Amino acid sequence: MSSVDDLVEYRPTEDEPFMNPRQREYFRKKLETWKEEILRESRETLENLQEESQNHPDMADRASSESDRALELRTRDRQRKLIAKIDAALKRIEDGTYGYCEETGDPIGIARLDARPIATLSLEAQELHERREKVYRDE
């Protein structure tokens, strides 16, 4: 890795060895940046919730404020779970298992990882999982 600019310019391709050091660094940076962005948004949400904790004299305003607050909290809860998945992906990068399907052991694929860097299943395994889930749900 020669510089940060080199990493910014770099895009992994299917033509290079899978999960080579440069690809691992690319995905590590991508995950860390995503996590930092979520944490920053969470801090902003907390600040906004503290500012909005005033009483609204109008019932409609109060109801609207409570609805917005509930939606924000649900969103933050989903993001808290997402951070756990990002941390797990970072751990997989460290232990050398990142980028490989948890069910088949096959490479997940650069395009899928670039679109969803927390992916743990190959596209085929994910589709099979979703079909099984749909069958059980329909029964």
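Glu 44 and Arg 40 both belong to helix H2, where four residues, about one turn of the helix, separate them. Their side chains form a salt bridge, with the closest N and O atoms 3.1 Å apart. Glu 44 has a relative accessible area of 38% and is therefore partly exposed. Arg 40, at 37% relative accessibility, also counts as partly exposed. The model in which this pair is found is a predicted one.

The wider setting can be described briefly. The chain contains five helices and zero strands, and its elements follow the order α-α-α-α-α from the N terminus on. Of its 139 residues, 29% count as buried. Ten salt bridges are found in a search of the whole structure.

Other salt bridges join separate helices. One of them is formed by the side chains of Asp 114 and Lys 30, at a distance of 2.7 Å from N to O. Asp 114 is located in helix H4 (residues 110-115) and Lys 30 in helix H2, so that this pair links distant parts of the chain, 84 residues apart. The two partners fall into separate accessibility classes. Asp 114 has a relative accessibility of 18%, and because the cut-off for a buried residue is under 20%, Asp 114 counts as buried. Lys 30 has a relative accessible area of 27% and is therefore partly exposed. The pair also belongs to a wider arrangement: Arg 11, Lys 30 and Asp 114 are linked in a network of salt bridges.

A further salt bridge connects the side chains of Asp 87 and Lys 35, at 2.6 Å from N to O. Asp 87 lies in helix H3 (residues 59-95) and Lys 35 in helix H2, so this contact ties together parts of the chain that are 52 residues apart in sequence. Asp 87 is partly exposed, as its relative accessible area is 33%. Lys 35 counts as partly exposed as well, at 23% relative accessibility. Helix H2 thus supplies Lys 35 to a bridge with Asp 87 of helix H3, and Lys 30 to a bridge with Asp 114 of helix H4.

Arg 11, a member of the salt-bridge network with Lys 30 and Asp 114, leads to another residue of helix H2. The side chain of Arg 11 makes a polar contact of 3.0 Å with the side chain of Tyr 26. Tyr 26 is part of helix H2, which spans residues 21-51. Its relative accessibility is 7%, and Tyr 26 therefore counts as buried. The backbone can be followed here too: the C-alpha atoms of Tyr 26 and Pro 12 are separated by 7.7 Å, with the two residues 14 apart along the chain.

The last feature concerns charge on the surface. Asp 106, Glu 124, Glu 127 and Glu 130 gather there in a patch of negative charge. One of these residues, Glu 127, has its place in helix H5 (residues 123-138). At 38% relative accessibility, Glu 127 counts as partly exposed, because this value lies between the cut-offs of 20% and 50%.

Taken together, these features can be traced from helix H2. Within that helix, Glu 44 and Arg 40 lie four residues apart and form a salt bridge. From the same helix, Lys 30 pairs with Asp 114 of helix H4, and Lys 35 pairs with Asp 87 of helix H3. Tyr 26, also in helix H2, is in polar contact with Arg 11.

Terms used
Residues are numbered from 1 along each chain as its sequence is written. This is a predicted model: local features need pLDDT of at least 70, side-chain atom pairs count only at pLDDT 80 or more; totals for chains, interfaces and linings use all residues. Side-chain values use heavy atoms; hydrogens and water are left out. Helices (H or I, at least four residues) and strands (E, at least two) are DSSP runs, numbered from the N terminus. Buried means under 20% relative accessible area, exposed over 50%, partly exposed in between (1.4 Å probe, protein chains only). A polar contact is a pair of N or O atoms within 3.5 Å; within protein, one must be able to donate a hydrogen and the other to accept it, and residues adjacent in sequence count only if both atoms are side-chain atoms. Patches are made of residues with over 30% relative accessible area and no salt bridge: like charges are joined within 9 Å, nonpolar side chains (Val, Leu, Ile, Met, Phe, Trp, Tyr) within 5 Å. Accessible areas come from the Shrake-Rupley method with a 1.4 Å probe; for residues, only the protein chains shown count as cover. A salt bridge is a side-chain nitrogen of Lys or Arg within 4 Å of a carboxyl oxygen of Asp or Glu. Lys and Arg count as positive and Asp and Glu as negative; His and the chain ends are not counted. The place of a charge is taken as NZ of Lys, CZ of Arg, CG of Asp or CD of Glu.
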